[in-house]
Every structure is written in structure tokens, then in C-alpha cells.
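Subject: A structure to look through

Hi there,

Here is the structure I promised you, with the sequence alongside. Could you open both and keep them in view while you read my notes?

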Amino acid sequence: MTLYLWFVFFLAVQVIHFLGTWKLYQAAGRKSWEAAVPVYNSIVLMKIIGRPAWWTLLLFIPIINLIMFPVVWVETLRTFGKKSTLDTILGIFTLGFYIYYVNYTQKLEYHADRKLTTENKTADTVSSLLFAIIVATLVHTYVIQPYTIPTSSLEKSLLIGDFLFVSKVNYGPRVPMTTVALPMVHDSIPLTKRKSYLSWPQLPYFRLPAFENIKRNDIVVFNWPVDTVHYFYEPKGRPGVIKPIDKKSNYVKRCVGIPGDSLSIKDGFVFINGKKLILPERAKPQYSYSVALDGKTPVDFESLFKELDITDPAGFRTEKRDTLYFRALTEASAERLKNTPGITAVIREIDKGNDNAIFPHINKWNQDNFGPIYIPEAGKTVALTNESLPFYKEIITNYEGNTLELKGSKFIINGKETNTYTFKQNYYWMMGDNRHNSEDSRYWGYVPENHIVGKPVFIWMSWDTNGKGINKIRWSRVFTTVDGEGQPQSYFKYFLIILALYFVGEFFWKKRKQNKA
């Protein structure tokens, strides 16, 4: 929806509210026109039902307002004597329109001094639960979100089974674009094959102020730009469904290119503006290697893998049984293998030739040799030619919502002929450290700024499915930071000390209180 359509929708909601409540305002000793003034009418309503004025703010926060509206409907009904279970059910399941019936057909009795707390334990439990859901949804949507690492694309930096906290505030909280959705779930309802949201109405993209900009080498969570579901909980044979931006699958990669950069890849190494990208100490890029064996000296690979912390050797021997292939080895591990008896050569595998699966799908480059390309920056203008169009076509038509026609060598954007294009937002280039086992920007291109979710900041749990017993938990990774200088350090022991001090302090405080009594 455009801003104009949202303005019309907002006014329509105000009209609906006024028509259904003006007599209630009068019965409460207010003026009927007060029910018609946007925002002010909500503040007045909070005074009428005896609730704090700051509740008004919650009515205008996407997703949160879906919880608050039913609460306000029920509170309004109870303020005017409609306290039965049936009244509550009718108020909720008619989407508040039961208030129309009360407003126009019932004798209105305003209970200004009604008791706001309930003696009904069930109602009290529901009320507490709703408050907890509202607080949790606010935190989840605008502050910090839990996230699980599902793939090995950032292996060594982030492992499969790492449970993260992703900060929304670092890059600026993104206001949900999908306005009607279940709180604290992503694109589907858990344990079901049902969408958790409605595709309409959609808010325009808006992001609150950020604490920092995305920097090169930052690990970033974002919505996968090309995510569609071919059979999105629909019978087979139907066309694919394009998800709303904020409901596309969450991916986590390392940002290696920021707006304005010139990026290229040479023999698997990333170059920015002609200079080799220097990765932080915690980053451990991995590549594919072939390892030649002499065929005579036995090699204890099980012990070697354990020593080198190779969790996914993914190796196999050729028919001659003299070569082992590795999908993911760090350079340090490769050097260690070179010095192992029985191994005669360790060679890094580098793709040759052209691969049409590589962006922008012009059968020119491959995953190890690519570019240079320009990373688009908001406000910057590029020339449009038949050669440059494949790089920017998706940006022009999909990410920035323009129409594009080609008439011979002429480019028609939004009905006007042009030979240039000015970008409306920033774009980023995301890659996995596990270079040959990562589906990333090399395959689907730029990540738009409006797809950015947040920054991983903390690993609160790490679960190894291959571990046994207590060793299923990777204790060295529990309570470690994602960013920072040097190698990760666990703060779990400090957490346990603080927790122990809290319980000891609480014990002695209660004991002292009992002695005084």
C-alpha cells in the first residue's frame, strides 16, 4: 500500500470508530466530537475506560496493535456494564462491531469507578498472559530476536546449532511491513503448514534511527531477497508465491561489500576497490582442497580431524584410492595437512570456466573468479546499457518498484525514456566464510537495505547434535560474543557467579526479614 492509501485507510478507521462510539463518549460526560479526532480520540477513550494514556501508543505499533485492539474493545464494553463472558466473546469475534450494537440499542450506564482488577482467576491469568505477550513482542520486533544457525555457510565463526541474539537496534529497528501477523513467529505457524500472516495490508518500508552503519566484515541477518515458495501450503501445480519482504527467510552471512564499493573475486579471495579484503581474526574462510596420499603410509584421519577441528570432512577417495577431497578446510588446516606423513600434496580447488548460475547469470564468471562489479549506493546514478542492465534490472523493477520496458536500445522507466538510473536505497554484498558451501550474493546478487534484519551480537547456547551427554552443549561457546577482537571468550562462568550471588543474597535477605518479624 502507498502512503496515500494508508492515509485513506487511517481516516476510514477513524470514521468507523466515531460512528460506533460517539454515544459512549457522551454517556461518559465527554463531547461526541472527541470521538472523531484522530489520536486524541484514543487518549480520551483511555481516560473513559480508566487505562493509562500511554496505551494509545501501543494502538499504533504494528503487530502490537493486533493484541491491543481486542483488549480495548473488552475494556470499553466492561466500562459500560457489559461484563459477561458472552459480551467478551461477541466483542472479540465481531472485531469490535458489537460495540455498535451497544452504542445504538442499549441503555448506556457509565461505570467510571469500576474495579479494574478482576477476582476471576482465569481472567486474571489471561490478562497477565496478554501483557507478557505484548512486552515480548515489542522486544522481539524492535529490540532483539533469537535466531538459530541452520547451515554451515559461516562455519568456524558461527556453527550449526548456535543460538543467537540478533540486535535490531544496531542497524535501526525495521517497522514491520506485514501488519496482520501472529506475534513472535516468522512466515508460518509452528507445527502447522499455514501462513502466519496476511499479505494485505502492507506498510511502506520505514526504519528507526540506527546506532551504527553496516561495515565491511560485519555478520548480518537479512531476509533472503529471492525467497519464494513454489507450493506455499497450496496444492501442487499452483504457481509460486512471493512473500512480503519481512516474511522472507532469514539468512545470516558476512557483509564483504558495502554501498559504493567495487568488488571482485580472484581465485576465491575477495578484493574491494582493488585491494584484498582483510578479514577479522575470528573469521576463518574455508575452501575446497584435494589431498594426495602416497598410498603406503597409514594416516589416522579420525585423530587428525579432531586435532584440526574438522567437523564436516565430506571427503571421498577416488577409484585409485590415492586422493581425498575436502569441501571445507581453512588455510591453517591445509598447511597442517601438508606436514602430515603419508600426505604428498594439498591443493586448493579453484573453479575454472564460466557458470550461468552465478549472478548476473550471463555465463561469464564462476564462484571463485568474479567481477569487478559496483555495489549500488542510494542517490548514485549509473549508465544503462545492454551490458549493465543485467546487474540492475532486478533493482529497478523488483526492489525499487519501477516499470521497465526495452524498445530496441531504448530504456523506458515509468513511461519515460532514459539512459541512466539513480538508486533509491543502499545495497550490500553478502557471502559465507565457507566459500564453496554457501548460497550467497554470488548466486542471487545484491541485498537491499530494506531486507536488513539485524546484527548477531551474542551466542547464548550452542548445541552439537553429534555430541554425547553433557558434551552436546559446546560449553566454550555458551555466552560468547559474535563480534570483538581476538578469539571468542565465554562469559558463562561470570553469569553463574552472578546468579549464585543473587540467590545467596536473596536467602540472607529473607532470613533477616524473618528474624526482624
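Let's begin with a term that you will need for the strands: two strands count as a pair if DSSP finds at least two bridges between them. Please also keep in mind that this is a predicted model.

**Strands S7, S8 and S9**

Try out that definition on strand S7 (residues 262–266) and strand S13 (residues 370–374). Three bridges join them, and the two strands run antiparallel. To find the place on screen, look for Ser262, which stands opposite Tyr374 in S13.

S7 has another partner to look at, strand S8 (residues 269–272), and this pairing is antiparallel as well, with four bridges. Two of the facing positions are easy to look up: Leu263 stands opposite Ile272 in S8, and Lys266 has Phe269 as its bridge partner in S8. How many residues lie between S7 and S8 in their hairpin? There are two residues between these strands, and Asp267, in the turn, has a positive phi of about 50°.

Now follow the chain along S8. Phe269 and Phe271 point one way from the strand, while Val270 and Ile272 point the other way. Are these four side chains buried or exposed? All of them are buried.

From S8 you can go on to strand S9 (residues 275–276), which pairs with S8 in the antiparallel sense over two bridges. Ile272, which you met opposite Leu263, has Lys275 as its bridge partner in S9. S8 and S9 make a hairpin too, with two residues between the strands, and here Asn273 takes a positive phi near 50°.

**Strands S1, S2 and S21**

Next, find strand S2 (residues 162–167). Five bridges pair S2 with strand S1 (residues 144–148) in the antiparallel sense, and Ile144 has Ser167 of S2 as its bridge partner. S2 is also joined to strand S21 (residues 452–462) by six bridges, again antiparallel. In that pairing, Phe165 meets Phe458 of S21.

**An open sheet with a helix on it**

Further along the chain, three strands form an open, antiparallel sheet in the order S15-S16-S17. Which strands lie at the edges? They are S15 (404–407) and S17 (416–418), each of which pairs on one side only. From one strand to the next, the twist averages 35°. S15 is joined to S16 (residues 410–413) by four bridges, and Leu404 stands opposite Ile413 in S16. Helix H10 (residues 389–399) packs on this sheet and touches S15 and S16, with its direction at about 140° to that of S15.

**Helices H1 and H2, and Asn41**

Turn to the start of the chain for a pair of helices. The axes of helix H1 (residues 3–27) and helix H2 come within 12 Å of each other and cross at roughly 35°. This crossing is left-handed. H1 brings Gln14, His17 and Tyr25 to the contact, and H2 brings Asn41, Val44, Leu45 and Ile48. Sorted by type, these residues are four nonpolar, three polar and no charged.

Asn41 deserves a look of its own. You will find Asn41 in H2, which covers residues 40–48. Why does Asn41 count as buried? Buried means under 20% relative accessible area, and Asn41 counts as buried because its relative accessibility is 1%. The side chain of Asn41 makes a polar contact of 3.4 Å with the side chain of Ser42. Setting aside neighbours within four places in sequence, Asn41 is in contact with Gln14, His17, Tyr25, Glu34, Ala35 and Ala36.

**Ile63, in a loop**

My last stop is Ile63, in the loop between helix H3 (55–58) and helix H4 (64–79). Is Ile63 buried or exposed? Its relative accessibility is 7%, so Ile63 counts as buried. Ile63 and Ile134 are 71 residues apart along the chain, and 9.2 Å separates their C-alpha atoms. Beyond neighbours within four places in sequence, the contacts of Ile63 are Thr137, Pro176, Thr178, Thr179, Ala181 and Pro183.

Enjoy exploring, and write back with any questions!

Best wishes

Notes:
Residues numbered from 1 in each chain as written. Predicted model: local features only at pLDDT ≥ 70, side-chain atom pairs only at ≥ 80, totals over all residues. Heavy atoms only, no water. Buried < 20%, exposed > 50% of the residue type's maximum accessible area, 1.4 Å probe, protein only. Polar contact = N/O pair within 3.5 Å; in protein donor to acceptor, adjacent residues only side chain to side chain. Contact = heavy atoms within 4.5 Å. Axes fitted to C-alpha atoms, helices over the stretch in contact; angles between N-to-C directions. Left-handed = near helix turned anticlockwise from the far one by under 90°. Nonpolar A, V, L, I, M, F, W, Y, C, P; charged D, E, K, R; others polar.
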